[in-house]
Every structure is written in C-alpha cells, then in structure tokens.
Amino acid sequence: GATPAESMAVAAAAADWKLCLTRSSLPPSQVMLVGDSGVGKTCLLVRFKDGAFLAGSFISTVGIDFRNKVLTVDGVKVKLQIWDTAGQERFRSVTHAYYRDAHALLLLYDVTNKASFDNIQAWLTEIHEYAQQDVVLMLLGNKVDSAQDRVVKREDGEKLAKEYGVPFMETSAKSGLNVELAFTAIAKELKHRSMKLPNEPKFKLHDYVKKEVRGSGCCRS
Ligand SMILES: Nc1nc2c(ncn2[C@@H]2O[C@H](COP(=O)(O)OP(=O)(O)OP(=O)(O)O)[C@@H](O)[C@H]2O)c(=O)[nH]1
C-alpha cells in the first residue's frame, strides 16, 4: 500500500487538478435577449455567433431559440447559452417561462423606433416580475448604423439606463459595433460572480461598458 506521504501527495495532486478544472471552465450561463419585435435580437445574436449580418427580409422569431458560444475571459472559458426570444406579444407567455433561469438579460430597443424605446419601462416591469432578483441586466440601443433614421437620442437611452441603474451601450448588429463588447461584459460579470477569487478586484460592469465605441459604426462613404 501507499505510505501516508504518498497518499497525501496523491490527494494534493487531485485537489490541484480539481482547482485547475474549476478555474478553467464554468457551467454554462443562460443569457436571454429580450425586447420588442424587430429591434434586432436575432441579428445581434447571429452577428456575435457567426460574425455576419442577416440582411434581407425580416423573419420574426417564433417562440424561442438558442445558440451556444464559448468566450475566454481572463483565461477562463465562459460558456454562454444565448436564448433568442420572440418579441411579438403573442409569444410572451412562452418567454415568461424562461426568465426564471436566466443569469443575464440583454434588453434591446431600436434607436430608429420610438415605440420600442417607450416600451422599455414595460419590459423592465416584466423583468422585475419574472426574472431572478440578481439577474445581470444590460440595456442596448441597437441599429445605430442607421444614423439618418435615428429617433431615439443617445442621451435618452443613457438617461433611462441611469434611472434604472442599468449599464447601457449602443450597438449595431449590421456593422458589429459594440456587439462583442456587450457579450464580453456579460461574460466577465458572470465569471466574476461565479468564481469570486479572493484576491481578485471586483469587476465593475458599469465601468467596463465605458469601453464602448461611440458613433454609428457604419460605413462612411
Ligand atoms: N440597419 C440595421 N438593421 C438591423 C439591425 N439589426 C437588425 N436589423 C434589421 O431589423 C429587422 C429585425 O431584425 P431581427 O433580428 O429579426 O429582430 P428581432 O428583435 O429578433 O425580432 P423578433 O424575432 O420578432 O422578436 C431585420 O430586417 C434586420 O435586418 C442593425 O443593427 N441595423
């Protein structure tokens, strides 16, 4: 049999390995995209997942769909299971059922559609009702590439976000502006929450989103 010293060495190696495993990967996190129909939830997800823009006719999401994407943040793999919900009212009861399991929510409006912005308060009420209290939440004003059609000013988005204490960014699924940054911010926050390494400084999502690139992100021609 093994000597006590050998047994201890084996146990220590096993503990190291376990630590290594837990430090290099995390269980998947559920991220949900929510907001009115047509604000660009599916396009944002496709841009993030495949680096492409879904041009052409608008196909509304039916019910709910998901895609996986693994991000490496600070040397740790964070697996995001991203749920693309249907914005249409008639699917609302389907999406309600998913809120409870969401670790993070990206709430979108369309800067070229005032109604989608006005509905943000109703979405926030719904989120408070159905989602976990500590859900990671971020507000995104999408389609900033359409500078000429913009009807919601950046300041309006900022003001609303501040009122609710929610981090805010403007994005474009078309040009890709800030898309990667938005998901990375979420992944970093989720990683910091689940690992809580003793000597690591606290991650500040509100500060991190200041890395945001301002402007339309589009093709000046
Ligand atoms: N210019 C511009 N158009 C966009 C952008 N994102 C989405 N669109 C367009 O907006 C329309 C709706 O996009 P979707 O991603 O399908 O919208 P959705 O929020 O998933 O809609 P539902 O599935 O009905 O909830 C499509 O015609 C897209 O091409 C963007 O960043 N810029």
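## Helix 2 and its surroundings

Helix 2 is mostly covered, with seven of its 10 residues buried. The structure is a predicted model. The buried residues of helix 2 are Lys41, Thr42, Cys43, Leu44, Leu45, Arg47 and Phe48. They pack against strand 1 (29–34), strand 2 (64–73), strand 3 (76–85), strand 4 (104–110), strand 5 (136–142) and helix 7. Gly51 follows helix 2, and its phi is positive, near 65°.

**Overall layout**

The protein has eight helices and six strands. From the N terminus on, the elements run α-β-α-β-β-α-β-α-α-β-α-β-α-α. The C-alpha atoms fill a box of roughly 75 × 40 × 35 Å along the principal axes. Buried residues account for 35% of the 221 residues. Take the contacts between residues at least 6 apart in sequence: 74% of them join residues at least 24 apart.

**Helix 2 against helix 7**

How do helix 2 and helix 7 pack, by angle and by distance between axes? The angle is about 85°, and the axes lie 9 Å apart. Helix 2 is therefore roughly perpendicular to helix 7. On the helix 2 side, the residues that meet helix 7 are Leu44, Arg47 and Phe48. Their partners in helix 7 are Val179, Glu180 and Phe183. By class, this contact has four nonpolar, no polar and two charged residues. Leu44, Arg47 and Phe48 also belong to the buried residues of helix 2. The spacing of such residues has a general background. An α-helix has 3.6 residues a turn, so residues three or four places apart point the same way.

**The nonpolar core**

The largest nonpolar core has 46 residues. Val31, Leu33, Leu105, Leu106, Leu107, Ala182 and Ile186 have the most contacts inside it. Which helix gives the most to this core? Helix 7 (residues 179–195) does, with seven residues. Leu106 shows how the core is linked up. Leaving aside neighbours within four places in sequence, Leu106 is in contact with Val31, Leu33, Met138, Leu140 and Ala182. In soluble globular proteins, nonpolar side chains tend to be buried together.

**The ligand shell**

There are 21 residues around the ligand. Which of them come nearest? They are Ser37, Gly40, Ser60, Thr61 and Gly87. Helix 2 (residues 41–50) supplies the largest share of the shell, three residues. By class, the shell divides into six nonpolar, 11 polar and four charged residues. One of the nearest residues, Gly40, is also touched by Asp110.

**Asp110**

Asp110 sits in strand 4. Is Asp110 buried or exposed? It counts as buried because it has 25 C-beta neighbours inside 10 Å, and 20 or more is the cut-off. Not counting residues up to four places away in sequence, Asp110 touches Gly38, Val39, Gly40, Ser116, Asn142 and Lys143. Thr3 is a distant point of reference: it stands 107 residues from Asp110 along the chain, and their C-alpha atoms are separated by 67 Å.

**Positive phi outside glycine**

Asp74 and Asn178 have positive phi angles, although Asp74 is not a glycine and neither is Asn178. The table sets out their values.

| Residue | Phi | Location | C-beta neighbours within 10 Å |
|---|---|---|---|
| Asp74 | about 50° | loop between strand 2 and strand 3 | 13, partly exposed |
| Asn178 | about 60° | loop between strand 6 (168–170) and helix 7 | 24, buried |

Asp74 counts as partly exposed because its 13 neighbours fall between the limits of 12 and 20. Asn178 counts as buried, with 24 other C-beta atoms within 10 Å.

**The N-terminal end**

Ala2 lies in the segment before helix 1 (4–24). Why does Ala2 count as exposed? It has 9 other C-beta atoms within 10 Å, and 12 or fewer makes a residue exposed. Ala2 and Arg214 are 212 residues apart along the chain, with their C-alpha atoms separated by 63 Å.

Terms used
Residues numbered from 1 in each chain as written. Predicted model: local features only at pLDDT ≥ 70, side-chain atom pairs only at ≥ 80, totals over all residues. Near = placed C-beta within 6 Å. Helix = DSSP H or I, 4+ residues; strand = E, 2+ residues; numbered from the N terminus. Nonpolar A, V, L, I, M, F, W, Y, C, P; charged D, E, K, R; others polar. Core = buried A, V, L, I, M, F, W, Y, C linked by C-beta atoms within 7 Å. Contact = placed C-beta atoms within 7 Å. Axes fitted to C-alpha atoms, helices over the stretch in contact; angles between N-to-C directions. Parallel < 35°, antiparallel > 145°, perpendicular 65-115°, else oblique.
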